[in-house]
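Please examine one helix of the model shown here, together with its surroundings.

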Amino acid sequence: MARAGLGRAGGVRRGRQRRPPTWEISDSDAEGPAGAETPARARDPAGERRPAAEALRRLRPGQAVRRLAVLVDPAVLEDAGADTLMEALHSLGCEPRAEPQRPARSLRWSRASPDPCPRGVPPEVWAEDEPHVLRLLEPEEFVRGVVQLTQVCGPTCSMPWVTPESPGCLHLAVIGLDTYLWSQQPTAQETQQPEHPAVTCTEAAVGWPEVEEALVHLQLWANVDVLLVASWQELSQHVCAFTKALAQRPFKQARESGAFPFCTSGRWTAGERVARDGMGLRGAWWRQVRQFNRVSPAVADAVVSAFPSPRLLQQAYEACGTEQERLALLADLPVKTGKRAPPRRVGPDLSRRICLFLTTTDPDLLLDLGS
């Protein structure tokens with residue numbers, strides 16, 4: 001019995017032996033394209049959006065600030081207060097590096113472009129070196145430049161610190177100018193008996209009015225802005241804020257590069273779906289009425305129930321004889337409320353706003369007088 005069973009089992013195994021895989025090649029496969037018989041795979045929209053979303057995520061300020069490097073000239077680090085600046089940059093998340101810069105005592109920003117680069121961002125946004133340069137000046141050097149600027153004014157005046165080799169976006173920073181100007185004021189004894197009359201007159205002639213005049217000259221004729229701070233702490237705050245702004249720039253340009261940058265991709269922004277047969281138009285009209293200020297769902301239901309489409313409401317406006325009749329067309333429409341709630345109506349204010357919205361030709365007309 002056991003042997004017979006084994007024999008039958010073996011027979012079953014022998015009867016179910018798998019055939020070796022074979023392939024058939026027809027003439028149509030050789031003559032036509034490979035995708036002629038098999039339908040082409042439809043593109044997966046989610047698969048195409050995934051790399052774009054990943055690239056956009058790398059553009060966000062929290063990620064982009066890590067790709068910025070602040071190049072600091074070694075001469076800046078010789079100052080005792082430079083440690084405050086370096087600590088602030090480290091806490092920000094960017095990478096400060098000590099590299100020789102031209103001009104001396106300056107800071108420059110460098111960016112590492114992501115791989116791959118997002119399509120919607122212009123190539124110049126991912127330039128390796130930013131055009132902005134922040135040059136630190138000692139108060140004595142800045143005062144000498146102020147004297148030069150205030151003596152000769154106009155476009156022919158030679159601008160200090162600005163040369164043909166200067167970067168396109170030059171910024172100047174002076175630490176402790178107020179304290180320096182206060183210390184250079186001559187005392188009564190020095191005014192009566194000056195040891196160096198020429199130097200004393202020049203230093204005494206420079207005050208805040210002359211400094212403000214020099215700032216205007218630099219801004220108008222050289223497009224150079226000057227940052228006056230009292231300490232390295234204030235300078236560090238400005239540098240960190242400027243670094244954050246540079247990190248946010250690619251993300252903002254990518255967001256604004258579309259034809260309609262205010263439209264955010266997502267299902268929640270799709271609004272009411274309208275089919276080809278018109279299904280959904282009533283819901284879209286209801287949503288449009290709800291966009292007016294101070295319009296509840298019950299009020300929108302009253303308007304849409306009386307006029308199921310904006311075209312029907314426009315035809316009703318055209319049938320009105322006077323302007324006052326058009327403005328008050330929707331005022332007396334009843335609004336459904338609860339059982340114990342008093343009866344309500346749409347009211348003249350919303351009736352006037354909807355009428356003006358659908359009939360006016362003035363693009364600057366203010367619809368809501370209570371806003």
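The questions below concern helix geometry, burial and surface exposure.

This is a predicted model, in which local features need pLDDT of at least 70, side-chain atom pairs count only at pLDDT 80 or more, and totals for chains, interfaces and linings use all residues. Residues are numbered from 1 along each chain as its sequence is written, and side-chain values use heavy atoms, with hydrogens and water left out.

Q: What distance does H11 reach from its first C-alpha to its last?
A: Helices are DSSP runs (H or I, at least four residues), numbered from the N terminus. H11 has 14 residues, and the expected span is 1.5 Å times one less than that number. The reach is close to the expected 20 Å, at 20 Å.

Q: Which residues of H11 are buried, and why do they lie on the same side?
A: Buried means under 20% relative accessible area, exposed over 50% and partly exposed in between (1.4 Å probe, protein chains only). An α-helix has 3.6 residues a turn, so residues three or four places apart point the same way. The buried residues of H11 are Val211, Ala214, His217 and Leu218. They lie on the same side because the directions from the helix axis to their C-beta atoms cover an arc of only 120°.

Q: Which exposed residues does the face of H11 turned away from its buried side carry?
A: That face lies opposite the side holding the buried residues. Its exposed residues are Pro209 and Leu220.

Q: Is Trp221 buried or partly exposed?
A: Trp221 has its place in helix H11 (residues 208-221). Because its relative accessibility is 44%, Trp221 counts as partly exposed.

Technical notes:
Helix = DSSP H or I, 4+ residues; strand = E, 2+ residues; numbered from the N terminus.
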